[in-house]
Amino acid sequence: MAAVELRNLEKAFADGTRAIRDLTLEVADGELLVLLGPSGCGKSTLLRLLAGLEAPDGGEIRIGGRPVNALGPRERNVAMVFQNYALYPHMSVRGNLEFPLRMRGMGRAAIAERVERTARSLGLEPLLERRPRALSGGQRQRVAMGRALVREPEVFLMDEPLSNLDAKLRVEIRAEIAELQRRLTTTTLYVTHDQVEAMTLGTRVAVLREGVLQQVGPPQGLYERPANLFVAAFVGSPEMNLFRAALTPDGAALRLGPTSVPIAGPVPEARAAFAGLRPEAFAPAETRPDWPVLEVEVAALEALGHERLAYFRSPAPAVDADGRQRAGEALMAARLPGDCPVSARAPLRLGVDARALHWFDAQGRALFA
C-alpha cells in the first residue's frame, strides 16, 4: 500500500484541450478516494496519468513517496480496472487471473496460491474453470477486479467499472467493492460521474470540472457545505435549487416571490449574489407552522414510494452552475414525505427552512461554508 501525491499536475492534448489544470491532491495510504465530475472533466485522464498510460506536461506524481513521472506502467505497481472488463475470451477465469502473474515470471506454486486467495476473496472459486462468455456481467466485473488485485498493487485504479451493469447489479457490486477495499486497505482511486456511487463509496470525494479540482472532502461535507455553485448543483439529486439572491431593504430576509424568508445565520448583505435551497429545505406547511410559507402550484410530481418530489415554478430567477439565468420556465424541487397528499397541477403550501439557506458571491464561491 502507498499514499499518492499529485503536485501541480498539468495535461493538455494536441488539439489544445487542457484536460488537467494545476491539480494538487493527496490520497492517504489505504484510502478510497472517488473522483467525481461530468463527462470530459478529466477524471479518466487523471487515472491514466497515474497508471503511466499518459505523460503529464507538468507537475509531479509520487506513489509511496517516490517520484514516478519517469517510470513506465509496469514499474509503478499500479493496477487499473476499466469499464469494459477487457477479459481474454479464450481463457478461463483462472487463466485470466494467472495471466498478469505469468507475465511477471512468477513460479507456478506462487501463482496458484495467489490466484486461489484472490478468487476466495471475490467469491470466484466456483467459476475458475468457466470462460467469460459463460459469466454474468457482475461476475465478469469481479474477474476484472480480481485480475488487477491478484498483482497485489500499491494503488488500485477503477475507471467507471460499474457503468455497463444494470441498476440492481450496480448496487450489489458497489457494496462488494466497498467491503473489499475496507478488507484489503489498498489505496484506491475510483472514477465515476454517478454521485450516488461517490456518496456511498468514498472516504473522500474530489469533484472535478474542466480539469480543475473544485472541492475535496467527505461526501456529506460536500453535500452540506459545497464550495461553489458547481458543487452545489452537481452533488445532490435533485440538485440544489439555485437562484438570484434578493434581500429585503433591511437585509434581514430573503425574498422568494411574495414570501420573505428570515435569515437565520450570518447576514450576507451585499456580498450575496446567489442563494440556494436543497429540496429537503421544504416541508408541508401544516407540519412546520414555525416556518415561512411559500404558496405554489405543482407543475410535476414524482412519486418514489418513500418520498415525493414536487416541482414548481421558481418564485425567484433561477440560475445554473455558472450563475447564468436559466432560460424558459425554471422549476424548483421539494422533497416531501411519501404519504404527503399532493397532486400535479394543484396548489401546495410549503414551509421553508431558513436555516438551510446557502449563499454564494458573484463569482459563485460559497459564503460562510
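Start by selecting helix α4, where Gly138, Gln139, Gln141, Arg142, Val143, Ala144, Met145, Gly146, Arg147, Ala148 and Leu149 are buried. Keep in mind throughout that this is a predicted model.

**Stop 1: helix α4**

With α4 still selected, count along the helix: 11 of its 13 residues are buried, leaving the element mostly covered. Its first and last C-alpha atoms lie 18 Å apart, close to the 18 Å expected at 1.5 Å a residue. What covers the helix? Add β6, α2, α3 (108-122), β7 (155-159) and α5 (167-184) to the selection; the buried residues of α4 pack against these elements.

**Stop 2: the largest pocket**

Next select Val78, Ala79, Met80, Pro100 and Arg151. Among the 20 residues that line the largest pocket, these five lie nearest its centre. The elements that give two or more residues to this lining are β6 (78-81), α2 (93-103) and α4 (137-149), so α4 from the previous stop appears here again. Which element gives the most to the lining? It is β6, with four residues.

Colour the lining by residue type and it divides into 16 nonpolar and four charged residues, with no polar ones. The volume of this pocket is about 690 Å³.

**Stop 3: the second largest pocket**

Move to the second largest pocket, which has a volume of about 290 Å³. Select Leu357, His358, Trp359, Leu367 and Phe368 to find its middle: of the 18 lining residues, these are the closest to the centre. Two strands, β20 (358-360) and β21 (366-367), are the elements that give two or more residues to the lining. The largest share, three residues, comes from β20.

How do the lining residues divide by type? There are 13 nonpolar, two polar and three charged residues.

**Stop 4: glutamate 307**

Finish at glutamate 307, in strand β17 (residues 307-313). Is this residue buried or exposed? Glutamate 307 counts as buried because its relative accessibility is 13%, and the cut-off for buried is under 20%.

Now show the side chain of arginine 335 as well. A polar contact of 3.0 Å joins the side chains of glutamate 307 and arginine 335. To see the rest of the surroundings, add Glu302, Leu336, Pro337 and Gly338, which are among the residues that glutamate 307 touches when those up to four places away in sequence are not counted. Arg335 is also one of these contacts.

Terms used
Residues are numbered from 1 along each chain as its sequence is written. This is a predicted model: local features need pLDDT of at least 70, side-chain atom pairs count only at pLDDT 80 or more; totals for chains, interfaces and linings use all residues. Side-chain values use heavy atoms; hydrogens and water are left out. On a 1 Å grid over the protein atoms alone, a cavity is a set of points where a 1.4 Å probe fits but cannot get out, and a pocket is an open set with protein on both sides within 12 Å along at least five of seven lines; lining residues have an atom within 4 Å of a point. Grid points are joined across faces, edges and corners, and a volume is the space filled by probe spheres set on the points. Ala, Val, Leu, Ile, Met, Phe, Trp, Tyr, Cys and Pro count as nonpolar, Asp, Glu, Lys and Arg as charged, and the others, Gly among them, as polar. Buried means under 20% relative accessible area, exposed over 50%, partly exposed in between (1.4 Å probe, protein chains only). A polar contact is a pair of N or O atoms within 3.5 Å; within protein, one must be able to donate a hydrogen and the other to accept it, and residues adjacent in sequence count only if both atoms are side-chain atoms. Contact means heavy atoms within 4.5 Å. The expected span of a helix is 1.5 Å times one less than its number of residues.
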